[in-house]
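Visitor: Could you take me through the aromatic pairs in this one, up close? I'd also like to see how they sit in the rest of the fold.

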Amino acid sequence: MENVDFYVHGYHKLSFLGADVYITTTHVCLAIVMIILIIFGIVAHRTIKKADPTKAPTGFLNILELLVETVDGLVLSNMGKTLAPKFKNYIGVLFTLIIVCNLSGLFGLRPPTADYGVTLPLALITFAMIQYQGFKWQKMGKIKGLFEPIFLFLPVNIISEFATPVSLSLRLFANILSGTMMMTLIYGLLPNFILIGWPAALHGYLDVFAGALQAYVFAMLTMVFVSNAADIQD
């Protein structure tokens with residue numbers, strides 16, 4: 001096991017509120033992902049700004065249009081006409097961030113989503129949105145719903161509310177971490193002459209398929225939970 005490295009390292013120690021905290025591999029990899037997304041956003045903005053609206057989109061602009069239309073259609077079909085315009089940008093950014101984090105393992109990085117400190121804040125944002133939209137649209141009906149179908153269900157309903165961010169964050173974290181650990185064990189324990197060709201199939205499943213699936217599931221559940229909390233019929 002001495003050759004197995006899960007790439008969880010502390011690079012720099014900082015003092016914060018009297019406690020020692022570290023800049024870790026997750027922070028570094030997340031910073032790289034954010035830089036990539038910022039560059040992508042700048043290039044996309046300039047491409048759209050220079051586009052001729054009288055001509056059909058081509059090349060990179062065509063890809064951008066396809067992505068935007070896909071996200072808009074997905075959000076509209078799951079959240080309805082009232083909520084979709086308010087959440088399409090957030091859902092698009094959320095899905096893009098998670099899928100790029102998940103796929104970063106293909107390029108030698110440790111996926112930031114393999115750290116619970118990344119997935120939990122994302123789930124807490126969803127939880128905050130659920131509660132806000134619930135009170136915004138249902139008013140006191142949100143409180144009333146905790147006592148349904150009968151008063152005795154109050155503890156169960158409260159637990160159900162707080163279980164949402166836990167299940168969301170753990171699902172994404174556990175799936176990405178398990179794939180990362182499996183590939184690390186394979187590369188760390190098997191001799192190099194055996195690692196010719198076939199690990200690419202595992203990367204295809206664990207990084208690409210599972211990574212894209214988990215990003216889709218997280219974004220989909222966010223839309224469904226927020227939409228259900230608002231309880232708008234449109």
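Guide: Here is a walk through the aromatic pairs, with the surrounding fold first and a few other spots afterwards.

Keep in mind that this is a predicted model. The protein has 6 helices and 2 strands, and along the sequence they come in the order β-β-α-α-α-α-α-α. Its C-alpha atoms fill a box of roughly 65 × 60 × 40 Å along the principal axes. Of the 234 residues, 33% count as buried. If you take the contacts with a separation of 6 or more, 67% of them come from residues 24 or more positions apart.

Now the rings. How many aromatic pairs does the count come to? It comes to 3 aromatic pairs, and I'll go through two pairs here, F40 with F60 and F127 with F162.

Start with F40 and F60. Their ring centres are 5.8 Å apart and their planes stand at 90°, so this pair is edge-to-face; the cut-off for that label is an angle over 60 degrees. F40 belongs to helix α1, which covers residues 25-50, while F60 is in helix α2, residues 59-103, so the pair ties together parts that are 20 residues apart in sequence. Are these rings buried or exposed? Neither label fits: F40 is partly exposed, at 37% relative accessible area, and F60 is also partly exposed, at 29%.

The other pair is F127 with F162. Here the centres are 5.4 Å apart and the planes make an angle of 40°, so the pair goes down as tilted. It links distant parts of the chain, with F127 in helix α3 (residues 116-138) and F162 in helix α5 (residues 154-189), 35 residues apart. The two partners fall in separate accessibility classes: F127 counts as buried at 16% relative accessibility, whereas F162 is exposed, with a relative accessible area of 52%.

Helices α1 and α2 are also where you'd look for the cysteines. C29 has a number within the α1 range of residues 25-50, and C101 has one within the α2 range of 59-103. Which cysteine sulfur is closest to that of C29? The one in C101, 9.3 Å away, which is too far for a bond. A disulfide would need the sulfurs within 2.5 Å, and a search of the whole structure finds 0 disulfides. Both cysteines are tucked away from the probe: C29 counts as buried at 5% relative accessibility, and C101 counts as buried at 1%.

From C29 you can hop over to G108. That glycine lies in the loop between α2 and α3, and its C-alpha atom is 9.7 Å from that of C29, although the two are 79 residues apart along the chain. Unlike buried C29, G108 counts as exposed, at 69% relative accessibility.

Out towards the two ends of the sequence there are a few more things to click on. F16 is in strand β1, which runs over residues 10-16, and F16 is exposed, with a relative accessible area of 54%. Measure it against T119 and you get 22 Å from C-alpha to C-alpha, with their positions 103 residues apart in sequence. N228 lies in helix α6 and is exposed as well, with a relative accessible area of 54%. N228 and V21 are 207 residues apart in sequence, and their C-alpha atoms are 39 Å apart in space.

Just after that helix there's a backbone oddity. Most residues other than glycine have a negative phi. D231 is not a glycine, yet its phi is positive, at about 55°. D231 sits in the segment after α6 (199-230) and counts as partly exposed, at 48% relative accessibility.

Finally, back out to the whole surface. The protein exposes about 14,300 Å², and carbon and sulfur atoms supply 70% of that area. As for charge, there are 14 positive and 13 negative charges, and their mean positions are 10 Å apart.

Key:
Residues are numbered from 1 along each chain as its sequence is written. This is a predicted model: local features need pLDDT of at least 70, side-chain atom pairs count only at pLDDT 80 or more; totals for chains, interfaces and linings use all residues. Side-chain values use heavy atoms; hydrogens and water are left out. Buried means under 20% relative accessible area, exposed over 50%, partly exposed in between (1.4 Å probe, protein chains only). Rings of Phe, Tyr and Trp (its six-membered ring) pair if their centres lie within 6.5 Å; planes under 30 degrees apart count as stacked, over 60 as edge-to-face and the rest as tilted. Helices (H or I, at least four residues) and strands (E, at least two) are DSSP runs, numbered from the N terminus. Contact means heavy atoms within 4.5 Å. Accessible areas come from the Shrake-Rupley method with a 1.4 Å probe; for residues, only the protein chains shown count as cover. Lys and Arg count as positive and Asp and Glu as negative; His and the chain ends are not counted. The place of a charge is taken as NZ of Lys, CZ of Arg, CG of Asp or CD of Glu.
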